[in-house]
Amino acid sequence: MIEETAWAKLNLALHVRARRDDGYHALETLFVFARHGDQIALTPAEADSFTIVGPFADSLTGEDDNLVTRARDLFRERFGLRGAVAITLDKQLPVASGIGGGSADAAATLRGLAAMHMVDMGDPRLIDCAERLGSDVPACLRSMTALGQGRGETLSALAGMPGTPVLLVNPGVALSTGQVFDGWDGIDRGPIGKGDLISRAVQARNDLEKPAIALAPVIADVLSLLERQPGARLVRMSGSGATCFALFDSAQACADAASVVSAAHPDWWLLESELL
Ligand code: C5P
């Protein structure tokens, strides 16, 4: 059996630069990953199967359009393979929440199949599969700190901040990525600046916060509560939302903030983690 973690993706910043003719948006984003995620287990089998378990299993319906089974099928097609595989997805993180979700699951499936069939991680066919599965899948395939450009698939590695404590908070609303992008006001506010990762991130923004808040006003409450927490170095929404996060100076400050947030909003989903 091969096990892979679908590390949660966070966008420390996301600048939307232009609407493209193909329906996507040209963007610049700072990708980082947290040390928590869904778990994928793959075992060679007589027949294909796909089982979803875990706290957020019920949020997913049918397997026809699941990115995990699409990743499996695309990988086999691209590499000319036939063998069946039993896949179990342990869904630990909320779906449609701006932290990778299906993209990270698809990327973990590709990594697992690559390991099973001794495919090199740099194989252009593997990267092609990732690009076809979604804009964030190439970043999730590597799960490394990177600047993403194009629709998010063009990556340049950056020095990360491993071990930085991070608190993730989701107020329990699922947002459609396409709908949030559709609400972008069309104003290019410029590129992400230069410097080290944290100063670039602090000076940058997430241009999708405004359209996401228009769809789910509670996101503004999450951001302002996180901003009031002592030791929070950077507070932002991730991707198209609704998950927001705060980076902290210390694990203690992160734990203290988690206590305050969970006491005030016992219904919100919280995760204390650290950057990879
Ligand atoms: O690439 P992916 O399938 O994950 O994207 C989901 C949707 O998000 C797209 O159909 C598109 O509406 C929107 N999107 C976008 N620009 C991007 C990435 C995603 O408009 N760079």
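**Figure 1. Polar contacts of the ligand.** An oxygen atom of the ligand lies 2.6 Å from a side-chain N or O atom of Ser-135. His-25 places a polar side-chain atom 2.7 Å from a ligand oxygen atom, and a polar backbone atom of Arg-151 is 3.0 Å from a nitrogen atom of the ligand. A polar contact here is a pair of N or O atoms within 3.5 Å. Of the 450 Å² of accessible area that the ligand has on its own, the protein covers 72% (Shrake-Rupley method, 1.4 Å probe). The model is predicted, with local features requiring pLDDT of at least 70 and side-chain atom pairs pLDDT 80 or more, whereas totals for chains, interfaces and linings use all residues. Residues are numbered from 1 along each chain as its sequence is written, and side-chain values use heavy atoms, without hydrogens and water.

**Figure 2. The shell around the ligand.** Gly-23, Tyr-24, His-25, Leu-27, Gly-134, Ser-135, Arg-151, Thr-177, Gly-178 and Phe-181 surround the ligand, each with a heavy atom within 4 Å of it. Three of the shell residues are nonpolar, six polar and one charged, with Gly counted as polar and Arg as charged. The elements that give two or more residues to the shell are β2 (25-45) and α5 (177-182); α5 gives the most, three residues. Helices (H or I, at least four residues) and strands (E, at least two) are DSSP runs.

**Figure 3. The ligand between two domains.** The ligand lies between domain 1 (2-157) and domain 2 (165-274), because both give residues to its shell. The domain bounds come from an automatic or database domain assignment.

**Figure 4. Backbone geometry in two loops.** The peptide bond from Gly-241 to Ala-242 is cis, with omega near 5°. Ala-242 belongs to the loop between β8 (232-237) and β9 (244-248). In the loop between β4 (84-90) and α2 (102-116) lies Ala-96, which has a positive phi of about 50° although it is not a glycine.

Methods
A polar contact is a pair of N or O atoms within 3.5 Å; within protein, one must be able to donate a hydrogen and the other to accept it, and residues adjacent in sequence count only if both atoms are side-chain atoms.
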